[in-house]
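Dear colleague,

I am passing on the structure we spoke of, and I would be glad if you could look it over alongside the notes below.

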Amino acid sequence: MGESTVTTREGHDRAAPHSVTDDMAEGNGHVVRGLLRRVRTPRRPRLWFEILLIAVSYWTYSMIRNAVPEQKAEALRNADWLWKIEHTLGIAVEESVNHAINSVTWLIVGMNYYYATLHFVVTLGVLVWLYRSHPGRYAATRLTLFATTVVALLGYYLYPLAPPRLMNGGHFVDTVMVHHTWGSMASGDLKHMSNQYAAMPSMHIGWSTWCGLTIFALASVPWVRVLGLLYPVATLLVIVATANHFWLDAVGGLMCLAFGFTVARLWYGKLPYALPKLVPVRGRGGPLLPVKRGSVTATEEPEPVPYADVP
């Protein structure tokens, strides 16, 4: 009896030609994954790019915010409704704070200038500090700030809101007008340059809390970390005392900031402050190792980078 021959598909499977389409799909998949990995990897920021990006972004933000129709009637109705809600919650003390601090001239004048300047000065200062001292965390932290600001624009469009000082029948003091100080883009001669009915959410709170958390998380000096936490608290008092915002506007600003952190967490896989402080600088000779400068670890680049390595 002869041996029976058994044929299996193993040999055929090995011999079957691999589809060119499959190769192309696999190759494209590798390219996409590689591109995403490259974009998501923290890299050393480029000064010229960051200056251009911040300038263009703020110009775009201001243009869109001010282009939102000043829906005065709806904004005033929303302010009345929000004021009633705060009374129901027992937190409608803005008018008392406004009048109490307005009675101390030097204090309220200082708050007017605080409101007008620190919002920008401190935020830019923190960005510069991150760029210089925490380049590995810079892009993710900047993304948090940008995402926070972008979602705030939706709030301005969907929920126009008058600030307390512009309420119908309200008894709030417009501290800029009364004390003839430069403290609000929506008062005096500057009121035509800004949308007066974009009070919700408060980006004074969104940005100041971003600054405060960043300083607290990354600063090494204890008293500086404490100042970081106090900054958004002081800002909250200022925006209420100057009658530019309700308490609940601040809540809206914090919600926008939470969205910003969520975007950064999803994109980078970690919260910005958990990313590496430093990143290698790649030149023609390949990755460079960190070197010691006194007690601080840094990276050096002895020759120009041959390609744009933008976060």
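What follows is a short account of what was found.

Please keep in mind throughout that this is a predicted model. The chain has 311 residues, of which 41% count as buried, and its secondary structure consists of eleven helices and four strands. Among the contacts in the chain with a separation of 6 or more, 79% are accounted for by residues 24 or more positions apart. The accessible surface of the chain comes to about 17,600 Å², and 66% of that surface belongs to carbon and sulfur atoms.

On the surface, Val221, Trp223, Val226, Leu227 and Leu230 make a nonpolar patch of about 500 Å². One of these residues, Leu230, has its place in helix H10, which covers residues 222–241, and Leu230 counts as partly exposed because its relative accessible area is 48%, a value that lies between the 20% and 50% cut-offs.

As for charged pairs, a search of the whole structure finds one salt bridge, in which the side chains of Arg165 and Asp174 meet at 3.4 Å, N to O. Both partners, Arg165 and Asp174, are buried. In general, side chains of opposite charge can pair when their charged atoms come close.

Turning to the cysteines, the same kind of search finds zero disulfides. Cys211 is buried, with a relative accessible area of 0%, and Cys256, with a relative accessible area of 9%, is likewise counted as buried because its value is under 20%.

With best regards

Note on methods. Residues numbered from 1 in each chain as written. Predicted model: local features only at pLDDT ≥ 70, side-chain atom pairs only at ≥ 80, totals over all residues. Heavy atoms only, no water. Patch = residues over 30% accessible without salt bridge, like charges linked within 9 Å, V, L, I, M, F, W, Y side chains within 5 Å. Areas by Shrake-Rupley, 256 points an atom, 1.4 Å probe, with all protein chains shown as cover. Salt bridge = Lys/Arg side-chain N within 4 Å of Asp/Glu carboxyl O. Helix = DSSP H or I, 4+ residues; strand = E, 2+ residues; numbered from the N terminus. Buried < 20%, exposed > 50% of the residue type's maximum accessible area, 1.4 Å probe, protein only. Disulfide = S-S within 2.5 Å. Contact = heavy atoms within 4.5 Å.
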